[in-house]
Amino acid sequence: MGSMFRSEEVALVQLFLPTAAAYTCVSRLGELGLVEFRDLNASVSAFQRRFVVDVRRCEELEKTFTFLQEEVQRAGLVLPPPEGRLPAPPPRDLLRIQEETERLAQELRDVRGNQQALRVQLHQLQLHAAVLGQGHSPQLAATHTYGASERTPLLQAPGGPHQDLRVNFVAGAVEPHKAPALERLLWRACRGFLIASFRELERPLEHPVTGEPATWMTFLISYWGEQIGQKIRKITDCFHCHIFPFLEQEEARRAALQQQSQELQEVLGETERFLSQVLGRVQQLLPPAQVQVRKMKAVYLALNQCSMSTTHKCLIAETWCAARDLPALQEALRDSSMEEGVSAVAHRIPSRDMPPTLIRTNRFTASFQGIVDAYGVGRYQEVNPAPYTIVTFPFLFAVMFGDVGHGLLMFLFALAMVLAENRPAMKAAQNEIWQTFFGGRYLLLLMGLFSVYTGFIYNECFSRASSIFPSGWSVAAMANQSGWSDAFLAQHTMLTLDPNVTGVFLGPYPFGIDPIWSLAANHLSFLNSFKMKMSVILGVVHMAFGVVLGVFNHMHFGQRHRLLLETLPELTFLLGLFGYLVFLVIYKWLRVSATNAASAPSILIHFINMFLFSHSPTNRPLYPRQEVVQAMLVVLALAMVPVLLLGTPLHLLHRHRRRRRRPTGRKQEDKAGLLGLPDASVNCWGSDEEKAGGLEDEQEAEEPTVNVQVESFHRRTQPVHRHCSQETCLSSIPRRSLGPLAVGHRQPLTQFLSL
Amino acid sequence: VRVRRPARLTTLGARLLRMRSALPSRGPENLQRPPLGPASRLGIPRPAMTAHSFALPVIIFTTFWGLIGIAGPWFVPKGPNRGVIITMLVATAVCCYLFWLIAILAQLNPLFGPQLKNETIWYVRFLWE
């Protein structure tokens with residue numbers, strides 16, 4: 001049945017990589033996505049590993065990349081996705097990439113700094129020009145009128161000794177929300193000694209840093225007295241106002257300012273053009289560099305997992321590789337090490353640990369395998385339930401959904417997604433909800449298709465029934481035979497058709513539920529009974545199928561005793577109790593008809609009495625000797641329970657004891673043989689949990705606990721899951737480009753998940 | 001406690017009653033009508049009541065799903081997906097056939113009939129037969 005029936009055979013392969021070619025070999029293996037590395041340096045911390053320096057350099061580069069990426073995003077540009085095949089660059093190229101990125105980052109920082117400074121300057125100039133340009137005419141007019149000589153006092157000083165009263169000006173700009181507060185404080189502090197006029201600018205100016213437009217308020221304060229001047233200066237400092245020197249010769253000043261600001265704007269324009277150039281270079285350089293550096297880091301992380309041989313000439317790596325891919329692996333190693341003039345070797349070694357589970361899927365089966373894996377990844381070479389779920393999941397959904405119209409809509413929606421799946425717009429969509437739907441498009445397609453079928457059976461199209469065939473119930477026959485005159489009908493709102501009357505029930509509807517039921521007030525009574533019985537039948541069939549699948553596991557792993565001690569009791573229990581219930585249901589459907597409907601036996605009562613060993617006199621038996629049969633079945637089923645709980649543990653205990661009683665010499669020999677294996681895995685003393693339950697004939701195996709067996713009963717329909725591998729690198733073919741990422745992934749060694 | 005009022009004729013019922021009185025009176029002689037109802041005098045096309053057999057649908061559908069589930073796998077072309085396609089065919093055939101079978105078995109010997117409103121009875125009686 002292809003590779004989906006059970007997971008593929010996976011071998012433990014030991015690689016000898018000469019140090020000169022180690023990097024290229026691992027990079028090549030990563031591109032192909034053939035192997036999964038085992039961590040041979042688990043006891044060594046990350047900082048003490050061999051290639052930690054290189055990993056560190058890659059991480060520094062990645063930091064610079066992040067900075068560049070942020071700058072690009074700040075400028076509102078988008079990084080294009082990387083194109084083409086980008087293998088990990090050789091180590092000497094790292095220096096080049098590093099230099100380029102450093103240079104770009106430095107340039108970017110400089111240009112940004114310059115731009116900031118220029119903008120601040122421009123802002124100042126603009127403010128200054130605006131302040132000067134504001135017509136604070138009344139004050140100036142006042143000075144001109146009265147100020148023929150600047151020495152003329154404005155006030156008639158009563159004392160007369162104030163000879164040096166001169167009008168001074170403070171001109172500046174303040175942020176608009178601070179203006180009223182400034183005005184108030186000035187008045188309170190220097191009341192009577194100043195005249196302040198505030199004017200708002202006509203057009204807003206951009207803030208140099210944030211870029212927000214703000215309309216500044218310019219003010220012109222005329223005051224006299226030195227101390228007042230100091231007070232005013234302090235107050236305006238406190239409010240962070242920009243103060244500009246105010247002179248009477250405005251026009252020249254303003255012209256100079258205009259020119260300055262124009263020049264500044266030109267320079268700013270140039271700076272921004274240069275900035276966009278730099279950003280353009282970043283856009284070109286960054287995406288491929290990011291991918292390359294990530295791959296390089298992954299290669300070094302993988303190399304960190306290898307151990308050094310004693311002669312320091314070779315790196316030894318232990319990898320899991322699919323047995324089917326061994327030739328490809330050897331060829332890849334040969335090719336990549338040939339360039340350096342050395343040769344890398346790969347050979348298979350026996351392993352005591354359970355290999356990871358590998359199931360190759362295509363885009364259709366991937367979603368179903370994903371659903372099954374969400375419940376738990378199966379053990380190595382266990383039967384895979386995914387191919388059956390391709391049909392049973394949508395079918396069970398359809399049994400619950402069951403509408404032709406809605407099913408058709410779902411089918412068409414999924415069909416649209418499937419037909420357009422190769423368009424780049426589909427894959428590039430960022431919306432998570434859409435991605436969920438798109439990822440499950442094949443599932444939705446099948447669900448819609450089955451829903452159309454079950455909709456026909458339930459006779460529901462947008463919740464309305466249709467008469468494809470004529471109904472099997474005749475109202476006229478009932479009316480005629482029961483004397484339903486119009487007067488009679490006018491008196492009774494609800495009347496029931498009686499199948500006992502001749503001619504009323506003409507036979508079962510050939511395809512689905514009869515349309516008369518959609519017109520009936522008691523349609524739920526019929527439909528509920530029908531659907532409940534249907535659910536029981538479908539459920540029992542599925543469970544029995546699951547138990548039967550377990551047979552394949554027992555045969556494959558050579559555990560024949562489990563056939564007798566587990567499968568047989570399970571089938572007996574299931575079929576003896578719930579299979580018998582299915583039998584009762586079908587028997588009643590076939591044998592009990594409307595003629596004795598009033599005294600029809602209730603299956604529910606029979607089933608309850610079966611377990612309680614009691615008897616209901618009003619409930620007549622379905623067939624003679626029913627009570628005897630039921631009692632026998634219950635006793636048999638209950639007798640199976642201790643067999644299930646204790647059968648396999650006792651058998652294994654017995655076997656264990658029998659082995660122990662063998663002469664000890666044999667035991668020593670086996671032990672020595674195990675340790676003396678020349679090709680033994682360097683890391684063969686893996687987790688105990690992984691070995692327990694894997695192979696039955698371990699020398700020092702502990703007897704499995706009863707707990708495991710109890711769980712195993714409940715787990716019959718689902719594969720036992722132990723996490724030996726997380727996303728093996730071959731889980732789906734379209735993920736080739738991310739192969740190196742999987743290569744560098746560290747596999748958790750001990751994960752024993754129990755249900 | 002709700003007091004049951006006698007049913008009153010709605011406009012639909014009244015219309016049907018008028019239609020009914022236009023037809024010749026139906027007496028007991030109508031009981032000898034064969035299950036295949038004659039064409040209505042009013043010329044309204046409607047499905048005739050037929051006696052449904054049980055054997056014929058069983059044969060037809062068993063053959064149909066049997067072809068899909070048992071004969072179909074032989075015609076699946078060789079390729080990497082052969083196993084998956086065969087699994088899908090067999091599982092579909094089994095599930096769909098079982099579902100249809102349950103539906104028809106449940107209706108084979110009904111223990112009670114549909115409970116209809118009097119208007120429905122009028123309507124169905126005149127327009128379906």
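This passage looks at a four-stranded sheet in chain A, the helices packed on it, and the confidence of the predicted model.

The model is predicted, so to speak with its own ground rules: local features need a pLDDT of at least 70, side-chain atom pairs count only at pLDDT 80 or more, and totals for chains, interfaces and linings use all residues. Residues are numbered from 1 along each chain as its sequence is written, chains are lettered from A and ligands numbered from 1 in the order written, and side-chain values use heavy atoms, with hydrogens and water left out.

The sheet is open, with its four strands in the order β4-β7-β3-β8 (chain A) and antiparallel pairing. Strands (E, at least two residues) and helices (H or I, at least four) are DSSP runs numbered from the N terminus, and two strands pair if DSSP finds at least two bridges between them. β4 (194-200) and β8 (242-244) of chain A sit at the edges with a single partner strand each, so one side of each has no neighbour in the sheet. On average, neighbouring strands are turned by 25 degrees against each other, direction ignored; axes are lines fitted to C-alpha atoms, for helices over the stretch in contact, and angles run from 0 to 180 degrees between N-to-C directions.

β3 (residues 168-174) of chain A pairs with β8(A) in the antiparallel sense over three bridges, and Gly172(A) stands opposite Ile243(A) in β8(A). Two helices come in here. Helix α3 (residues 91-133) of chain A touches β3, β7 (217-223) and β8 of chain A, at about 60 degrees to β8(A), where contact means heavy atoms within 4.5 Å. Helix α6 (residues 226-238) of chain A touches β3, β4, β7 and β8 of chain A, at about 165 degrees to β7(A).
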